[in-house]
Amino acid sequence: MIVAKRKPLDEIKEMLKPYNKILVLGCGSCVAVCMAGGEKEAGLLSTELQMAFEMDKTLPPSGGTPPGSAKQIDTITILRQCDREYIDEVKDKLVQYDAILSVACGVGVQFTAEVLNGEKVLLPGLNTTFLGATKEPGMWVERCLACGDCILDETGGVCPITMCSKSLMNGPCGGHEKGKCEVDRNRDCGWVLIYERLKKLGKLELIKDIKLPKNYGAVKRPDKIVHEAYQVVGKEEVKK
Amino acid sequence: MSKLGEALKSGKFVITSEVGPPKGINMTSCLDEAKHFGEKVAAINVTDIQSAVMRVGSLATCIKLKERGYEPIMQMVCRDRNRLSLQSELLNAAVFGIENILCLTGDHQTLGDHPQAKGVFDLDSVQLIATAKGLMEGKDLAGNKLDGIPTFFLGGVVSPGLDPVELQIIKLEKKVRAGARFIQTQSVFESDKFRQFIDKVHSMGINIPILAGIIILKSVGMAKFMNENVAGVFVPDNLIKEMKETKDKQAKAVEIAARIIREVKPYCQGVHIMPLGWGHLVPEIIKQAGLSLTPM
Ligand code: SF4
Ligand code: SF4
């Protein structure tokens, strides 16, 4: 799933300053699982914002900052902001606000903005961080950089591109110590993980081959995939 | 073949040393340090943005050393350049007649003085060696022909003190297969462990000149710092005690370095002395280690 983290409240408040009628738009998929932008978090965030803006209103103006003005903050959560059908369902409501604070991942924010096509301001409430898995309740860990040319078969199912801080392909750097990475001594060295996994699998010979430089052109960012069943030659651009 | 290559081929015990380029363009102290040992070692490494701390590049410093008649070893790390720039820099080096290239991964950018920098790591050290070898064969990484073919004498590094040692040796073997002709090691303080490492390397059938890394131990603080922060380096208690008890730190530093060199000498083809600013001690270390002060 896509893992994200909510932006600090002050940063969000600053973004929302110019607007009075605000919608916090939640997303019920990845960011709901990682407890950053689902229905519950969207609701909590609007309450927090409401309180914060109320507090500002009662404070005397200091250092040239005017007291906060009355703000209306509502919440809607849809199943996915990366799917047009769910955005279309609430489009009529969305356009009634001055600004929409989307607490989806960066994809959701952009896609909602794309559907609204300049009719309304879309603001990001989260910092989208990585593709990951739930390691423990409340803990998410990065596992894939979406390189477009998966080599997990060669490395015992541990990704060197992601799990090694330097994306090394032919073995570790000289910086690991007691199995931990030089970048963060609390984090496992990806190459020690690969070694241990392959040893268990009895497939250590897999890392004895010299791996050629990775094809970083495998993904033509921003990339596009069209399913075969949907390719209309001559009309639709066909993904090669 | 480069002078370093010839020295290694002759079977002589080879000594290399090292300088670090400055932050800013005042080259005086860097070149002065080289002056202390430039004529007494076979070659001088020049670090490449060492520790990810921004400074003058390796190539410019290598050129300066060469102008003074010294034999430079240009270090190249994979952190800061993609494959276009790495290959171009290799050609740049060849244009200036610099043949010795030591390929390394490079410390992670977050550990340096520009932690917000974007790391590159487009190639790794094995791939960089293979790429340089390809240039020597007249082809770039994309298979395009070169007009004017460079000559290099390629090297790599290994860290004998790192666990799992098997993983170190697997990567070492790949470096040799990719085209490395010499290896310099992370600093060695325990000669017994070094000997065991070399035994393993030989038992895997790997045959390449290995130069043991010797860091000049300057103080107790430095020893403790390395034990806590430098992966694969361990300064044993007895050396720390010796440093603590001595009245003359420099004399002690020389004595310890010379002793380690004598101990590792039977197991390697040379040593790489890293003076870290104490370059003036290098000749005395060589002397006390019982080695010749005329490298070639
Ligand atoms: S190799 Fe790594 S980054 Fe690439 S697709 Fe596979 S898991 Fe993802
Ligand atoms: S310590 Fe391990 S994970 Fe970290 S950069 Fe080096 S090889 Fe990669």
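The exercises below, each with a worked solution, concern a predicted model.

Residues are numbered from 1 along each chain as its sequence is written, and chains are lettered from A and ligands numbered from 1 in the order in which they are written. Local features need pLDDT of at least 70, side-chain atom pairs count only at pLDDT 80 or more, totals for chains, interfaces and linings use all residues, and side-chain values use heavy atoms, with hydrogens and water left out.

**Exercise 1. Determine the strand order of the barrel in chain B and describe its closure.**

Step 1. Helices (H or I, at least four residues) and strands (E, at least two) are DSSP runs, numbered from the N terminus. Two strands pair if DSSP finds at least two bridges between them.

Step 2. In chain B, eight strands form a closed barrel with parallel pairing, in the order β1-β2-β3-β4-β5-β6-β7-β8. From one strand to the next, the twist averages 30°; axes are lines fitted to C-alpha atoms, for helices over the stretch in contact, and angles run from 0 to 180 degrees between N-to-C directions.

Step 3. Four bridges join β1 (residues 14-19) and β8 (residues 270-274) of chain B in the parallel sense. Opposite Val14(B) stands Gly270(B) of β8(B).

**Exercise 2. State which strands of chain B helices α5 and α10 lie across.**

Step 1. Contact means heavy atoms within 4.5 Å.

Step 2. Helix α5(B), residues 125-136, lies across β3 (72-77), β4 (100-104) and β5 (153-158) of chain B, at about 170° to β5(B).

Step 3. Helix α10(B), residues 249-264, lies across β7 (210-215) and β8 of chain B, at about 160° to β7(B).

**Exercise 3. Describe the open sheet of chain A and identify its edge strands.**

Step 1. Three strands of chain A form an open sheet in the order β1-β6-β7, with antiparallel pairing.

Step 2. The edges are β1 (2-6) and β7 of chain A; each has a single partner strand, so one side of each has no neighbour in the sheet. The twist averages 70° from one strand to the next.

Step 3. Strands β6 (residues 126-136) and β7 (residues 139-144) of chain A pair in the antiparallel sense over five bridges. Ala133(A) stands opposite Val141(A), and Thr134(A) stands opposite Trp140(A).

Step 4. The hairpin of these strands, β6(A) and β7(A), has two residues between the strands, and Gly138(A) there takes a positive phi near 80°.

**Exercise 4. Characterise the surroundings of ligand 1 and ligand 2 by residue class.**

Step 1. A residue is near a molecule or strand if one of its heavy atoms lies within 4 Å of it. Ala, Val, Leu, Ile, Met, Phe, Trp, Tyr, Cys and Pro count as nonpolar, Asp, Glu, Lys and Arg as charged, and the others, Gly among them, as polar.

Step 2. The residues surrounding ligand 1 include Cys144(A), Cys147(A), Cys150(A) and Cys159(A). This shell of ligand 1 has eight nonpolar, one polar and no charged residues.

Step 3. Around ligand 2 are, among them, Cys164(A), Lys166(A), His176(A) and Glu182(A). The shell of ligand 2 has six nonpolar, four polar and two charged residues.

**Exercise 5. Locate the cis peptide bonds at Pro222(A) and Pro164(B), and the positive phi of Met35(A).**

Step 1. Arg221(A) and Pro222(A) are joined by a cis peptide bond with omega about -5°; Pro222(A) is in the segment after α7 (190-201) of chain A.

Step 2. Asp163(B) and Pro164(B) are likewise joined by a cis peptide bond, with omega about -10°. Pro164(B) is in the loop between β5 and α6 (165-178) of chain B.

Step 3. Met35(A), although not a glycine, has a positive phi of about 55°. Met35(A) is in the loop between α2 (30-33) and α3 (39-58) of chain A.
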